[in-house]
Amino acid sequence: MGKQFFDNMLYGGDYNPEQWPRDIWDEDMRIFKKASINTATINVFSWAKLQPSENEYDFSELDDIIDMLTKEEYTIILGTSTAALPAWMSRQYPDVNRVDFEGRKHRHGHRHNHCPNSPSFQGFAKKLVNKLAERYGDHPNVKVWHISNEYSGECYCDNCAKAFRVWVKDKYQTVDAVNEAWNMNFWGHTLYSFDDITPPNYLGDGISDTAAAFAGLSIDYRRFNSDSLLNNFKLEKQEIRRFDKETPVTTNLMGAYKSLDYFKWAKEMDFVSWDSYPSHQTPLSHTAMNHDLMRGLKDGQSFMLMEQTPSQQNWQPYNALKRPGKMRAQSYQTIAHGGDTIQFFQLRRSKGATEKFHGAVIEHVGHENTRVFREVAELGKELEQLGDALIGAETPAKVGILFDWDNYWALEYTSGPTVDLRYVEQIQNYYDACYNQQVPVDMIHMDTDFEKYDVILAPVLYMVKEGISEKIEQYVKNGGAFVTTFMSGIVDQSDNVHLGGYPGPLRDVLGIWVEEIDALAPEQRNQVVMKKGQFNQEKYDCRMVCDLLHTEGAEVIAEYGTDFYKGMPTITKNNFGAGEAWYIGTVPEQKLLDELIGKLLKSKGIQGFEYLPAGVEIASRKKAENEFYFLMNHTEESQTVETPFEGYKDLLTGDQVTRNIELKPFDVKILLENN
Ligand code: GLA
Ligand code: ZN
């Protein structure tokens with residue numbers, strides 16, 4: 001936390017000169033300079049060039065690229081190139097290719113798709129990275145190592161099966177313990193030996209990404225697969241460290257990406273980097289939550305924005321241009337939420353293949369006289385002027401939202417009560433309740449020190465692993481405010497139910513028990529009727545899931561308004577020790593959630609900026625004595641907002657602001673108290 005990896009804002013992005021003739025390289029250097037670009041991420045997909053055959057390595061072109069960038073004083077982020085396999089490798093060593101969920105053996109093609117447990121892949125990757133590290137490890141301009149690229153997906157091949165058996169044996173020791181954990185008595189799936197274990201894809205006990213016959217098995221396979229890919233990362237990092245003890249090592253993550261347990265990954269990364277690709281319809285709060293999650297991975301340490309597009313993407317169904325000013329506003333949103341760098345995919349738009357319509361700093365026209373370039377150049381100048389003012393600054397938050405990949409997997413594997421339940425969506429509802437009143441949030445994990453937070457929100461805490469309920473009880477006893485919802489406290493780490501009434505180990509702290517869980521079709525609604533406290537409405541709609549619950553000490557805040565469980569509690573609050581524990585037994589409409597969470601935050605002295613117009617955001621970062629407030633208009637209209645910042649200085653213009661601040665379309669101000 002608060003660690004400063006760079007002395008200035010890195011500004012640049014993915015750069016692929018190996019795809020272009022030399023005269024273009026010179027032109028690149030000339031043009032990038034005009035945009036104050038100071039950083040290039042190179043060598044991300046160059047394995048085929050670096051190693052044209054099994055026994056042949058050729059670093060001459062990479063040497064040239066690095067020489068050129070060094071001469072131009074670039075910060076180099078050096079990829080290891082292992083994200084796409086060379087064709088000869090797939091041909092000669094087919095074990096490098098994956099077997100997919102349907103059981104199909106893949107051939108050469110695409111990228112991000114090596115088998116993590118392939119001995120050939122591991123051997124070749126290790127050797128390549130060893131050579132790269134030996135050659136460039138002490139190069140003064142190589143300031144970051146970027147391993148592979150967007151690790152993702154799963155493999156179900158025989159090598160993975162073999163490795164999975166070892167992983168399972170390591171975890172459970174005996175076959176009996178495995179049978180117990182996965183509840184294999186069900187359907188007579190009893191395993192007799194570790195050899196009976198098969199990867200849970202479609203040919204075995206898998207059903208789909210969101211359904212499993214034996215969720216315990218499928219969840220363990222996800223843990224194993226995430227670990228396997230992480231082992232690949234660690235293997236490459238180890239080779240780098242043989243020659244280079246210092247340079248930070250990272251890889252680019254993808255927000256709330258499902259397949260990898262990023263909290264575990266972050267422990268192995270020197271800093272987190274990630275790729276942010278909101279579509280033109282992505283709500284602002286979703287991007288904000290992703291940034292906060294990425295910052296949360298290393299307990300608040302700021303992150304690198306490895307990729308964003310200067311304008312267009314190519315892989316959304318509708319790839320809207322970023323409206324003038326939007327890219328800049330998005331960039332500052334990134335910085336406001338903990339980003340210390342701004343990088344693009346890509347610096348020059350490729351001339352062929354799937355990404356030829358993907359935005360870039362230099363577009364197909366080949367010169368700098370474009371709207372996109374001008375915007376990139378303007379931002380570059382601004383970031384240059386900001387220097388290191390914001391780098392390493394912290395984002396103070398008194399609210400923590402629990403995010404947990406085991407829960408993500410487990411919740412989405414459940415067969416029942418409803419197919420509509422999505423983990424990230426439920427977390428997002430609670431994040432939005434804070435975001436809608438501009439209250440900063442930390443995304444936290446199970447090992448986080450809860451005591452740092454006045455309020456902890458833990459929506460759909462479906463899987464309660466060992467030690468967690470005790471930790472929550474302690475937190476509430478000591479005065480913390482804890483909020484959880486329907487589908488919480490239900491299973492243990494292996495997806496077996498905590499018997500004795502839901503929400504299992506959370507029953508005491510919540511002072512309730514849940515007897516039944518009703519599921520509502522998408523068009524159905526029930527009502528939440530407020531019984532206690534002052535709310536704007538007497539009744540609100542609710543949907544999707546309705547818990548039928550009984551209090552055991554908790555007070556009833558609201559009850560259902562219709563159906564045979566009309567009058568049963570749906571929202572409760574339990575005073576427990578010096579704190580309070582809330583249960584929300586349904587999915588209320590967002591305005592109720594906003595109100596409810598808003599009141600709770602206020603009761604804890606947490607006040608945001610709730611009267612801002614929609615699309616205007618305030619976020620802050622703190623460095624030493626300075627607290628920087630980012631005031632951002634993410635809309636295409638001018639907005640006038642009343643703020644408490646009268647007399648503050650706008651870091652971007654040097655102007656002093658008045659109480660009422662006028663924000664032009666996509667305008668941004670970074671405000672600092674003038675003293
Ligand atoms: C990902 C990849 C890049 C590129 C972009 C396009 O983030 O890392 O190589 O394909 O997507 O949006
Ligand atoms: Zn495999």
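The exercises below, each with a worked solution, go through the ligand site, the pockets, the largest cavity and some backbone features of this structure.

The model is predicted, local features need pLDDT of at least 70, side-chain atom pairs count only at pLDDT 80 or more, and totals for chains, interfaces and linings use all residues. Residues are numbered from 1 along each chain as its sequence is written, chains are lettered from A and ligands numbered from 1 in the order in which they are written, and side-chain values use heavy atoms, with hydrogens and water left out.

**Exercise 1. The ligand**

Find which residues are around ligand 1, and work out which side chains have an N or O atom paired with an oxygen atom of the ligand.

Solution. Begin with the shell, in which a residue counts if one of its heavy atoms lies within 4 Å of the ligand; the residues are Phe45, Arg111, Asn149, Glu150, Asn252, Asp275, Tyr277, Glu307, Trp315, Phe345, Glu355 and His358. Sort them by class, where Ala, Val, Leu, Ile, Met, Phe, Trp, Tyr, Cys and Pro are nonpolar, Asp, Glu, Lys and Arg are charged, and the others, Gly among them, are polar; the shell then has four nonpolar, three polar and five charged residues.

Next, look for polar contacts, which are pairs of N or O atoms within 3.5 Å (within protein, one must be able to donate a hydrogen and the other to accept it, and residues adjacent in sequence count only if both atoms are side-chain atoms). A side-chain N or O atom of Asn149 is 2.8 Å from an oxygen atom of ligand 1, the side chain of Arg111 has such an atom at 2.9 Å from a ligand oxygen, and a polar side-chain atom of Tyr277 lies 3.4 Å from an oxygen atom of the ligand. Taken alone, ligand 1 exposes 300 Å², of which the protein buries 98%; these areas come from the Shrake-Rupley method with a 1.4 Å probe, and for residues only the protein chains shown count as cover.

**Exercise 2. The pockets**

Describe the largest pocket, and then the second largest pocket, by volume and lining.

Solution. Pockets and cavities are found on a 1 Å grid over the protein atoms alone: a cavity is a set of points where a 1.4 Å probe fits but cannot get out, a pocket is an open set with protein on both sides within 12 Å along at least five of seven lines, and lining residues have an atom within 4 Å of a point. Points are joined across faces, edges and corners, and a volume is the space filled by probe spheres set on them.

The largest pocket holds about 1100 Å³ of space, and of its 38 lining residues the closest to its centre are Arg111, Glu150, Tyr277, Trp315 and Glu355. Ligand 1 sits in this largest pocket, in the sense that more than half of its atoms lie within 2 Å of the grid points. α10 gives the most to the lining, with four residues, where helices (H or I, at least four residues) and strands (E, at least two) are DSSP runs numbered from the N terminus. By class, this lining has 13 nonpolar, 17 polar and eight charged residues.

The second largest pocket has about 560 Å³ and 24 lining residues, with Ala213, Ala215, Tyr462, Asp495 and Val497 nearest its centre. Its lining divides into 16 nonpolar, seven polar and one charged residues.

**Exercise 3. The largest cavity**

State the volume of the largest cavity and which strand gives the most to its lining.

Solution. The volume is about 130 Å³, and the 15 lining residues include His337, Val439, Pro440, Ile618 and Ala619, the closest to the centre. β23 gives the most to this lining, with four residues.

**Exercise 4. The backbone**

Locate the cis peptide bond that joins Phe345 to its partner.

Solution. The partner is Gln346, and omega is about 15°; Gln346 lies in the loop between β11 (339-344) and α12 (371-386).
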